[in-house]
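Student: I am new to this structure. Please take one part of it and look at it closely, with enough of the whole chain to place it.

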Amino acid sequence: MQVTMTVNGNEVTEDIEPRLLLVHFVRDVLGLTGTHWGCDTSNCGACVLWLDDVPVKSCTTLAVMASGRSVRTVEDLAQGGVLDPVQEGFMQEHGLQCGFCTPGMLMTARWLLDHDADPDENTIREAIAGNVCRCTGYENIVRSIRWAAAHADGAEQQAAPATDEVTA
Amino acid sequence: MQVPAPFDYERATSVDHVLTLLAERPGDARIVAGGHSLLPMMKLRLAQPEMLIDINDLTDLDYIRVDGDEIAIGAMTRHAGLLSSALLGEHYRIFRDAERVIADPIVRNRGTIGGSLCQADPSEDLSAVASALRATVVIQSATGRRTVDARDFHQGPYETAVGDAEMLVEVRVPIRPGAGSAYEKVERRAGDWAVASAGAFVQLDGDTIKDVGLGLTAVGAPHFTCVEAEEALRGQAASAENVAAAAQLCHDACQPQADQRGPEDYKRHLARELSRRVLTTSIARARGEQS
């Protein structure tokens, strides 16, 4: 069936099966592979993206359920070649090792900071309870989000890497 | 890769539309709200509905409000809404306690109270909350609405009182002035299903327990409660001894099954200990000694 939705500000229309999951729609139909496909059981959070401005697990959401709505993926964080403060924070504080969980972490962190500009450590840890990281032990992820909170005005931001590096 | 079996998809525009679609496909159609229980079941092919009716556009079913001497909660109210509700926080802390340990914040953005109750998982936390509070559930059909006690709503694992051409539209909780309530859960890791959970409310008259409700989940407690423990406490002194005796009745009455989350005796232990804790906290909150 035909679906039309806004993805990262662009309207897209595609013909899909109702059983297609949103994570596969953005990755395989739209080619936005920044969103990761992890546990497939709504546990790990690697697939977190925003649906109508709310973080959801896209492995447990049907693409047809997003029709008529807006989707925001990790590709939309950097704007005008400048990294979002949460991306910059993960670079500055070594918030990733293998990087698999990072897209979901970033989308959850961005939403948290949009609703709580100065979260304490416990608030951050609760907010990312649905995002599993097997590398960092979370310490550096918490520091990264704290860094982003402290640099919300965009100070010390660097230019984003070239697009092909981001999506590789 | 987990992929559901093929199905038809319709997006409902009203409750009447849902009921019409259900009537057209008796037994074949399932309602999907947040989808965080149903879609995993479909991905594992444990559920294979031939039609999904998406009710996410029915935003008029997303509310928490006082209605007479009850709190009315719309079926589309999401877990995040139950957690953040000042109204529920004021009357029934049990919701906030429970919602903090249901899945994780991202899942709570999607899952709904109606979906959770209709999934009727034997380990569902909100089923224990509804049972503890002796809530009622409003079910709508083409011929009107009927109300079912939460304790009669679940008719077995994954089975509810909702008929083929019916829809759960509202959950109602009696307001009990001065009541204290609480919920505790033991889980293997953050966001998991319960190994065991208990919830309670207590209403005091001086130092006497005027009314009490108990909810238990994941331990095979009939109707997600323990009426023996409730009857033992009602009209008695709100003492640690009486609470401990009631908790022992929960231990004895539940019928847990050993599984990967633990052996039977451990789950019985948890039923007793968690019941004791939530009753104790509920009494302290009713007395204003604990927030």
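Tutor: What follows treats one hairpin of chain B, after a short account of the chain. This is a predicted model, in which local features need pLDDT of at least 70, side-chain atom pairs count only at pLDDT 80 or more, and totals for chains, interfaces and linings use all residues. Residues are numbered from 1 along each chain as its sequence is written.

Chain B holds 12 helices and 13 strands; these are DSSP runs, with helices being H or I of at least four residues and strands E of at least two, numbered from the N terminus. Along the principal axes, its C-alpha atoms fill a box of roughly 55 × 45 × 30 Å. Of the 291 residues in chain B, 56% are buried, that is, under 20% relative accessible area with a 1.4 Å probe and protein chains only. Among contacts in chain B with a separation of 6 or more, 63% join residues 24 or more positions apart; a contact means heavy atoms within 4.5 Å.

Now the hairpin. Strand β11 of chain B covers residues 180-187 and strand β12 of chain B covers residues 194-205. The two strands pair in the antiparallel sense over 8 bridges, where pairing requires that DSSP finds at least two bridges between them. One of the bridge partners is B:Ala196 in β12(B), which is matched with B:Val186. Between β11(B) and β12(B) lie 6 residues, and the two strands form a hairpin. In the turn, B:Gly191 has a positive phi of about 90°.

Key
Chains lettered and ligands numbered in written order. Heavy atoms only, no water. Buried < 20%, exposed > 50% of the residue type's maximum accessible area, 1.4 Å probe, protein only.
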